[in-house]
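Here is a protein with a ligand. How do its surroundings earn the terms used for them?

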Amino acid sequence: MSRVTLSRYLIEQTRSNNTPADLRFLIEVVARACKEISHAVSKGALGGVLGSMGTENVQGEVQKKLDVISNEILLEANEWGGHLAGMASEEMDNAYQIPGKYPKGAYLLVFDPLDGSSNIDVNVSVGTIFSVLRCPDQYLSQNDSLDEQAFLQPGTKQVCAGYAIYGPQTMLVLTLGNGVKGFTLDRELGSFVLTHDDIRIPETTAEFAINMSNSRHWEPPVSRYVEELLAGKEGPLGKDYNMRWVAAMVADVHRILTRGGLFMYPRDSREPSKPGKLRLMYEANPMSFIVEQAGGVSTNGIERILDIQPTSLHQRVAVYLGSKEEVDRVTAYHQG
Ligand code: AFP
């Protein structure tokens with residue numbers, strides 16, 4: 001049986017009118033950049049890529065060398081192809097303008113170049129998260145620099161979202177709005193090959209993911225819910241739950257897409273101006289699109305994440321995503 005590569009899958013999507021040709025090219029270029037990042041990550045100490053740069057990003061987080069390398073790889077791969085009107089990255093203060101010498105296209109690419117980068121030095125999974133939006137017409141006609149406003153679209157407007165996970169295997173997980181596909185990198189062929197045809201998240205689960213060390217800062221609904229999870233069979237939920245926390249959203253979400261579960265990064269009382277740690281545009285929106293397309297649910301405790309109207313590029317948000325039964329429960333605790 002012939003293997004379905006990412007390229008073949010995308011060509012078939014174009015033929016069935018689900019994916020315009022320029023979007024197909026864009027996804028292929030992102031996938032190629034992810035292969036390059038995967039290669040850089042896998043070199044580790046041999047490539048001199050471990051450790052920090054001694055700089056901070058716009059979030060005030062110390063930048064790892066691989067954060068910066070991965071950002072550069074994505075920018076260089078995508079700036080010249082003529083498919084993009086602009087890019088935005090978790091690692092850059094402002095939107096990236098397509099240099100004047102290159103043609104511009106109709107899409108916007110938003111990415112977290114290396115999610116979970118604190119895992120790099122300890123050889124644990126990391127990943128790249130990306131999201132594609134259409135550039136609104138009024139910004140396409142402008143000859144001067146692209147206004148950041150162009151990016152501030154709710155997650156429901158995403159035309160594609162995906163992530164690459166650099167773990168024991170490198171995989172690319174993708175949605176074009178008609179289900180979720182998983183491709184595994186065949187290093188001998190140099191191609192992503194379709195290995196997970198229709199990824200679905202089970203509705204029920206007995207596994208949750210949260211950084212318990214923050215528990216003293218949580219709001220009452222989260223404390224109540226986690227106490228109930230920990231109470232196990234004897235508690236109100238009547239079953240024993242298991243816990244996992246990789247500290248890379250890509251890896252935690254990948255596990256949930258594989259065998260179900262609930263991921264939580266709640267807002268807490270430390271910095272009231274920042275509702276949570278995770279970034280709406282770079283992490284929460286693309287992951288929520290994927291999770292919903294796999295039959296799961298994603299909220300900020302109050303509303304569907306994909307419905308949130310962003311107000312700034314680096315906006316943060318609380319995140320509850322995964323198996324429907326548990327996300328619905330913790331969301332109801334916030335609302336009730
Ligand atoms: P970094 O990319 O800065 O390492 O952060 C990763 C992340 O945004 C997300 O991928 C994890 O789920 C979360 O942070 C881990 O946060 P803790 O440091 O609280 O474990």
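The questions below deal with the ligand and its shell in this predicted model.

Q: What makes Trp 245 a polar contact of the ligand?
A: An N or O atom in the side chain of Trp 245 is 3.0 Å from an oxygen atom of the ligand. The cut-off is 3.5 Å, so the pair counts as a polar contact.

Q: How do you know that Lys 277 and Arg 279 make polar contacts too?
A: For Lys 277, the distance from a side-chain N or O atom to a ligand oxygen is 2.9 Å. For Arg 279, a polar side-chain atom lies 3.3 Å from a ligand oxygen. Both values are within 3.5 Å, so both pairs qualify.

Q: How much of the ligand does the protein bury?
A: The protein buries 85% of the 480 Å² that the ligand exposes when taken alone.

Q: Where does the ligand sit, and which elements give two or more residues to its shell?
A: The ligand sits in the largest pocket. The elements are β5 (107–115), β13 (262–265) and β14 (278–279).

Q: Which residues are closest to the ligand?
A: Asp 115, Gly 116, Asn 211, Met 249 and Tyr 265 are the closest of the 17 that surround the ligand.

Terms used. Residues are numbered from 1 along each chain as its sequence is written. This is a predicted model: local features need pLDDT of at least 70, side-chain atom pairs count only at pLDDT 80 or more; totals for chains, interfaces and linings use all residues. Side-chain values use heavy atoms; hydrogens and water are left out. A residue is near a molecule or strand if one of its heavy atoms lies within 4 Å of it. A polar contact is a pair of N or O atoms within 3.5 Å; within protein, one must be able to donate a hydrogen and the other to accept it, and residues adjacent in sequence count only if both atoms are side-chain atoms. Accessible areas come from the Shrake-Rupley method with a 1.4 Å probe; for residues, only the protein chains shown count as cover. On a 1 Å grid over the protein atoms alone, a cavity is a set of points where a 1.4 Å probe fits but cannot get out, and a pocket is an open set with protein on both sides within 12 Å along at least five of seven lines; lining residues have an atom within 4 Å of a point. A molecule sits in a cavity or pocket if more than half of its atoms lie within 2 Å of its grid points. Helices (H or I, at least four residues) and strands (E, at least two) are DSSP runs, numbered from the N terminus.
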